[in-house]
Amino acid sequence: MLGYISYGEGPRRPILGDRQISGGSFVTLGMGLESRPNGPLARYRARQGARMLREAGVRSAVFPVDFPYTALFIRQGVLPIDTLPLRRALAAPLTRRRLEAGGFQPTGAVVAVSGERAVREVTECAKALALSYRYVLLSVRGGENFARELRREYGISLLLEPSPDQLDRADALVLFAPRTDLKLDNAILYTLYPGGEAGRGRLPLCLPRALGAQAESNCDQEQLAAALYAMGTLPLETLLAEIPG
(Lines give C-alpha, C1' and ligand atoms only; values in the text may rest on other atoms or scores of the structure.)
Protein backbone atom coordinates (compact mmCIF):
# COMPACT_ATOMS: atom_id res chain seq x y z
CA MET A 1 0.00 0.00 0.00
CA LEU A 2 1.29 3.45 -0.95
CA GLY A 3 0.67 6.64 0.96
CA TYR A 4 0.03 10.24 0.02
CA ILE A 5 0.92 13.03 2.44
CA SER A 6 -0.75 16.41 2.19
CA TYR A 7 0.63 19.33 4.21
CA GLY A 8 -1.32 22.55 4.05
CA GLU A 9 -4.30 24.40 5.45
CA GLY A 10 -6.50 22.40 7.78
CA PRO A 11 -6.52 20.75 11.20
CA ARG A 12 -3.04 20.36 12.62
CA ARG A 13 -3.85 16.97 14.11
CA PRO A 14 -2.89 14.26 11.55
CA ILE A 15 -5.85 12.58 9.88
CA LEU A 16 -5.85 9.34 7.84
CA GLY A 17 -8.05 8.83 4.80
CA ASP A 18 -8.01 7.36 1.32
CA ARG A 19 -7.85 8.80 -2.16
CA GLN A 20 -8.00 7.75 -5.81
CA ILE A 21 -5.79 9.43 -8.40
CA SER A 22 -5.90 8.17 -11.98
CA GLY A 23 -7.05 4.76 -10.79
CA GLY A 24 -4.36 4.50 -8.13
CA SER A 25 -5.44 4.01 -4.52
CA PHE A 26 -3.56 5.80 -1.75
CA VAL A 27 -3.77 5.89 2.03
CA THR A 28 -3.70 9.61 2.75
CA LEU A 29 -2.30 11.51 5.68
CA GLY A 30 -3.47 15.09 6.12
CA MET A 31 -1.36 17.44 8.24
CA GLY A 32 -1.98 21.12 8.86
CA LEU A 33 0.71 23.75 8.58
CA GLU A 34 2.38 24.50 11.88
CA SER A 35 3.30 27.99 13.05
CA ARG A 36 6.40 26.47 14.70
CA PRO A 37 7.20 23.40 12.55
CA ASN A 38 10.28 22.53 14.62
CA GLY A 39 8.56 22.92 17.93
CA PRO A 40 8.01 19.92 20.22
CA LEU A 41 4.23 19.78 19.64
CA ALA A 42 4.61 19.94 15.86
CA ARG A 43 7.21 17.18 15.88
CA TYR A 44 5.04 15.06 18.16
CA ARG A 45 2.16 15.39 15.69
CA ALA A 46 4.49 14.49 12.82
CA ARG A 47 5.70 11.34 14.61
CA GLN A 48 2.09 10.46 15.33
CA GLY A 49 1.24 10.85 11.63
CA ALA A 50 4.17 8.70 10.55
CA ARG A 51 3.13 5.95 12.98
CA MET A 52 -0.45 6.12 11.68
CA LEU A 53 0.76 5.56 8.13
CA ARG A 54 3.08 2.76 9.16
CA GLU A 55 0.34 1.02 11.16
CA ALA A 56 -1.90 1.29 8.07
CA GLY A 57 0.68 -0.74 6.14
CA VAL A 58 2.32 2.15 4.31
CA ARG A 59 6.08 1.96 3.80
CA SER A 60 6.41 4.42 0.89
CA ALA A 61 4.50 7.61 0.25
CA VAL A 62 4.26 10.63 -2.03
CA PHE A 63 5.71 13.46 0.05
CA PRO A 64 5.10 17.20 -0.28
CA VAL A 65 7.92 19.34 -1.65
CA ASP A 66 9.98 20.93 1.16
CA PHE A 67 8.19 18.82 3.75
CA PRO A 68 9.85 19.69 7.09
CA TYR A 69 9.44 16.18 8.52
CA THR A 70 10.87 13.98 5.78
CA ALA A 71 13.81 12.78 7.89
CA LEU A 72 11.50 12.10 10.83
CA PHE A 73 9.16 9.99 8.64
CA ILE A 74 12.13 8.04 7.26
CA ARG A 75 13.26 7.23 10.79
CA GLN A 76 9.73 6.01 11.50
CA GLY A 77 9.91 3.64 8.50
CA VAL A 78 7.92 5.63 5.90
CA LEU A 79 10.07 6.52 2.89
CA PRO A 80 9.51 8.83 -0.08
CA ILE A 81 8.54 7.00 -3.28
CA ASP A 82 11.67 5.94 -5.18
CA THR A 83 11.64 7.56 -8.64
CA LEU A 84 14.71 5.68 -9.87
CA PRO A 85 12.87 2.62 -11.30
CA LEU A 86 10.74 4.91 -13.48
CA ARG A 87 13.75 6.94 -14.64
CA ARG A 88 15.52 3.71 -15.60
CA ALA A 89 12.49 2.45 -17.50
CA LEU A 90 12.37 5.71 -19.47
CA ALA A 91 16.10 5.76 -20.28
CA ALA A 92 16.08 3.71 -23.50
CA PRO A 93 13.04 5.33 -25.20
CA LEU A 94 14.15 8.83 -24.19
CA THR A 95 17.69 8.19 -25.44
CA ARG A 96 16.26 7.03 -28.79
CA ARG A 97 14.07 10.12 -29.02
CA ARG A 98 16.96 12.48 -28.30
CA LEU A 99 19.23 10.72 -30.78
CA GLU A 100 16.56 11.02 -33.47
CA ALA A 101 16.01 14.69 -32.64
CA GLY A 102 19.77 15.28 -32.83
CA GLY A 103 19.99 13.77 -36.31
CA PHE A 104 22.01 10.72 -35.23
CA GLN A 105 21.49 7.81 -37.62
CA PRO A 106 20.84 4.22 -36.42
CA THR A 107 23.80 2.99 -38.49
CA GLY A 108 26.21 5.65 -37.27
CA ALA A 109 25.36 6.61 -33.69
CA VAL A 110 27.40 5.11 -30.86
CA VAL A 111 25.41 4.33 -27.71
CA ALA A 112 26.95 3.15 -24.44
CA VAL A 113 25.42 1.52 -21.37
CA SER A 114 27.46 1.09 -18.19
CA GLY A 115 26.64 -0.52 -14.85
CA GLU A 116 28.10 -2.69 -12.16
CA ARG A 117 26.48 -6.00 -13.16
CA ALA A 118 24.28 -7.41 -15.90
CA VAL A 119 21.04 -7.00 -13.92
CA ARG A 120 17.64 -6.86 -15.61
CA GLU A 121 17.28 -3.05 -15.76
CA VAL A 122 20.69 -2.70 -17.42
CA THR A 123 20.24 -5.51 -19.93
CA GLU A 124 16.72 -4.39 -20.88
CA CYS A 125 18.05 -0.91 -21.63
CA ALA A 126 20.97 -2.30 -23.65
CA LYS A 127 18.66 -4.65 -25.57
CA ALA A 128 16.17 -1.89 -26.43
CA LEU A 129 18.97 0.33 -27.73
CA ALA A 130 20.73 -2.51 -29.59
CA LEU A 131 17.51 -3.24 -31.49
CA SER A 132 17.64 0.31 -32.86
CA TYR A 133 21.35 1.12 -33.20
CA ARG A 134 24.24 -0.75 -34.77
CA TYR A 135 26.95 0.32 -32.34
CA VAL A 136 26.10 -0.34 -28.70
CA LEU A 137 28.81 -0.58 -26.04
CA LEU A 138 28.09 -2.49 -22.83
CA SER A 139 30.30 -2.09 -19.77
CA VAL A 140 29.14 -4.48 -17.01
CA ARG A 141 30.46 -7.44 -15.09
CA GLY A 142 29.04 -10.72 -16.36
CA GLY A 143 27.67 -9.38 -19.63
CA GLU A 144 28.98 -12.26 -21.77
CA ASN A 145 25.94 -14.54 -21.36
CA PHE A 146 23.54 -11.70 -22.14
CA ALA A 147 25.55 -10.74 -25.24
CA ARG A 148 25.51 -14.36 -26.48
CA GLU A 149 21.74 -14.61 -25.99
CA LEU A 150 21.22 -11.35 -27.85
CA ARG A 151 23.38 -12.50 -30.74
CA ARG A 152 21.67 -15.90 -30.90
CA GLU A 153 18.12 -14.53 -30.73
CA TYR A 154 18.43 -11.33 -32.77
CA GLY A 155 21.76 -11.56 -34.59
CA ILE A 156 22.93 -8.44 -32.73
CA SER A 157 26.49 -7.97 -31.51
CA LEU A 158 27.50 -5.77 -28.60
CA LEU A 159 30.95 -4.38 -27.89
CA LEU A 160 31.80 -5.62 -24.40
CA GLU A 161 34.35 -4.14 -22.00
CA PRO A 162 34.76 -0.81 -23.81
CA SER A 163 37.60 1.42 -22.67
CA PRO A 164 36.94 4.71 -20.84
CA ASP A 165 37.97 6.54 -24.00
CA GLN A 166 35.37 4.65 -26.04
CA LEU A 167 32.69 5.48 -23.47
CA ASP A 168 33.72 9.13 -23.49
CA ARG A 169 33.38 9.26 -27.30
CA ALA A 170 29.91 7.68 -27.35
CA ASP A 171 27.12 9.93 -28.62
CA ALA A 172 24.86 8.74 -25.78
CA LEU A 173 25.93 7.33 -22.42
CA VAL A 174 23.52 5.73 -19.93
CA LEU A 175 25.10 5.12 -16.52
CA PHE A 176 23.49 2.77 -14.01
CA ALA A 177 26.38 3.21 -11.55
CA PRO A 178 28.89 6.03 -10.91
CA ARG A 179 32.06 6.21 -13.01
CA THR A 180 34.89 8.40 -11.76
CA ASP A 181 37.09 7.62 -14.78
CA LEU A 182 34.86 9.28 -17.37
CA LYS A 183 34.53 12.89 -18.52
CA LEU A 184 30.71 12.73 -18.69
CA ASP A 185 30.51 15.31 -21.47
CA ASN A 186 28.66 13.08 -23.97
CA ALA A 187 26.03 14.75 -26.14
CA ILE A 188 23.37 12.68 -24.36
CA LEU A 189 23.98 11.58 -20.77
CA TYR A 190 21.79 9.93 -18.15
CA THR A 191 23.07 9.12 -14.65
CA LEU A 192 20.60 6.57 -13.28
CA TYR A 193 21.84 5.72 -9.82
CA PRO A 194 21.17 7.05 -6.30
CA GLY A 195 22.48 10.61 -6.23
CA GLY A 196 22.78 10.80 -10.01
CA GLU A 197 19.59 12.82 -10.35
CA ALA A 198 21.36 15.90 -8.97
CA GLY A 199 23.71 16.53 -11.89
CA ARG A 200 23.71 17.14 -15.63
CA GLY A 201 22.64 13.56 -16.36
CA ARG A 202 19.32 13.87 -14.56
CA LEU A 203 16.38 12.32 -16.39
CA PRO A 204 13.30 14.51 -15.75
CA LEU A 205 9.82 13.22 -14.94
CA CYS A 206 6.61 15.05 -15.80
CA LEU A 207 2.98 14.30 -14.98
CA PRO A 208 0.21 14.95 -17.51
CA ARG A 209 -1.27 18.34 -16.70
CA ALA A 210 -4.73 16.91 -15.90
CA LEU A 211 -3.23 14.62 -13.29
CA GLY A 212 -1.03 17.33 -11.84
CA ALA A 213 -4.14 19.45 -11.34
CA GLN A 214 -5.59 16.75 -9.08
CA ALA A 215 -2.71 17.07 -6.64
CA GLU A 216 -1.90 19.84 -4.19
CA SER A 217 0.42 22.55 -5.45
CA ASN A 218 3.20 21.38 -3.11
CA CYS A 219 2.91 17.69 -4.06
CA ASP A 220 6.13 16.17 -5.40
CA GLN A 221 4.82 15.39 -8.87
CA GLU A 222 7.82 13.25 -9.80
CA GLN A 223 7.09 10.99 -6.84
CA LEU A 224 3.41 10.89 -7.82
CA ALA A 225 4.35 9.91 -11.40
CA ALA A 226 6.57 7.12 -10.07
CA ALA A 227 3.82 5.89 -7.75
CA LEU A 228 1.19 5.76 -10.49
CA TYR A 229 3.62 4.00 -12.81
CA ALA A 230 4.45 1.42 -10.12
CA MET A 231 0.71 0.81 -9.64
CA GLY A 232 0.30 0.23 -13.38
CA THR A 233 -2.20 3.05 -13.82
CA LEU A 234 0.07 5.44 -15.77
CA PRO A 235 1.68 3.94 -18.91
CA LEU A 236 5.30 4.63 -19.79
CA GLU A 237 4.25 6.06 -23.18
CA THR A 238 2.07 8.68 -21.49
CA LEU A 239 4.92 9.78 -19.25
CA LEU A 240 7.38 9.83 -22.14
CA ALA A 241 5.10 12.12 -24.12
CA GLU A 242 5.15 14.67 -21.29
CA ILE A 243 8.96 14.99 -21.09
CA PRO A 244 10.25 17.95 -23.10
CA GLY A 245 12.53 17.07 -26.01
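Helices are DSSP runs of H or I with at least four residues, strands are DSSP runs of E with at least two, and both are numbered from the N terminus. The legends below describe a predicted model.

**Figure 1. Overview of the protein chain in the predicted model.** The secondary structure of the protein chain comprises nine helices and 10 strands. Along the principal axes, the C-alpha atoms occupy a box of roughly 60 × 35 × 30 Å. The protein chain has 245 residues, of which 46% count as buried. Among contacts with a separation of 6 or more, 60% join residues 24 or more positions apart. The exposed surface of the protein chain amounts to about 12100 Å², and carbon and sulfur atoms supply 49% of this area. The protein chain carries 30 positive and 25 negative charges, and the mean positions of the two sets lie 5 Å apart.

**Figure 2. An open sheet of five strands with mixed pairing.** The strand order in this sheet is β2-β3-β1-β4-β5. The edges are taken by β2 and β5 (79–80), each of which has a single partner strand, so one side of each is left without a neighbour in the sheet. Strands β4 and β5 are joined in the parallel sense by two bridges. Within this pair, S60 has L79 of β5 as its bridge partner. Strands of a sheet pair through backbone hydrogen bonds, either parallel or antiparallel.

**Figure 3. The hairpin of β2 and β3.** Strand β2 (residues 15–21) and strand β3 (residues 24–32) run antiparallel and are joined by seven bridges. Across this pairing, D18 stands opposite V27 in β3. Two residues separate the strands of the hairpin, and S22 in the turn has a positive phi of about 50 degrees. Most residues other than glycine have a negative phi.

**Figure 4. An open sheet of five strands with parallel pairing.** The strands follow the order β8-β7-β6-β9-β10. Strands β8 and β10 stand at the edges with a single partner strand each, so one side of each is left without a neighbour in the sheet. Six bridges connect β6 to strand β7 (residues 135–141), and the two run parallel. In this pair, S114 has S139 of β7 as its bridge partner. On its pairing with β9, strand β6 (residues 110–117) is again parallel, with four bridges.

**Figure 5. Strand β9 and its two pairings.** Strand β9 pairs in the parallel sense with β6 over four bridges, and in the parallel sense with strand β10 (residues 188–191) over four bridges. V174 of β9 stands opposite V113, whereas A172 stands opposite I188 in β10. In a regular strand the side chains alternate between the two faces of the sheet. Strand β9 (residues 172–175) has A172 and V174 pointing one way and L173 and L175 the other way, and all of them are buried.

**Figure 6. The surroundings of R88 in helix α3.** Helix α3 spans residues 84–101 and contains R88. The relative accessible area of R88 is 16%; because the limit for a buried residue is under 20%, R88 is classed as buried. The side chain of R88 reaches the backbone oxygen of F176 at 3.2 Å. Beyond its neighbours within four places in sequence, R88 contacts E121, F176, L192 and Y193.

**Figure 7. Helix α8 and its two ends.** The N-terminal end of α8 is capped by D220, which has a side-chain oxygen 3.1 Å from the backbone nitrogen of E222. Within helix α8 (residues 221–231), the buried residues are E222, Q223, L224, A225, A226, A227 and L228. Just after α8, G232 adopts a positive phi of about 85 degrees.

**Figure 8. Two loop residues with positive phi, D66 and E161.** D66 occupies the loop between β4 (60–62) and α2 (70–75). Phi of D66 is near 55 degrees, a positive value in a residue that is not glycine. E161 occupies the loop between β8 (159–160) and α6 (164–168), and has a positive phi of about 50 degrees although it is not a glycine. Because exposed means over 50% relative accessible area, D66 counts as exposed at 73% relative accessibility, and E161 counts as exposed at 64%.

Methods:
Residues numbered from 1 in each chain as written. Predicted model: local features only at pLDDT ≥ 70, side-chain atom pairs only at ≥ 80, totals over all residues. Heavy atoms only, no water. Buried < 20%, exposed > 50% of the residue type's maximum accessible area, 1.4 Å probe, protein only. Polar contact = N/O pair within 3.5 Å; in protein donor to acceptor, adjacent residues only side chain to side chain. Contact = heavy atoms within 4.5 Å. Areas by Shrake-Rupley, 256 points an atom, 1.4 Å probe, with all protein chains shown as cover. Lys, Arg positive; Asp, Glu negative; His and termini not counted. Charge placed at Lys NZ, Arg CZ, Asp CG, Glu CD. Pairing = 2+ DSSP bridges.
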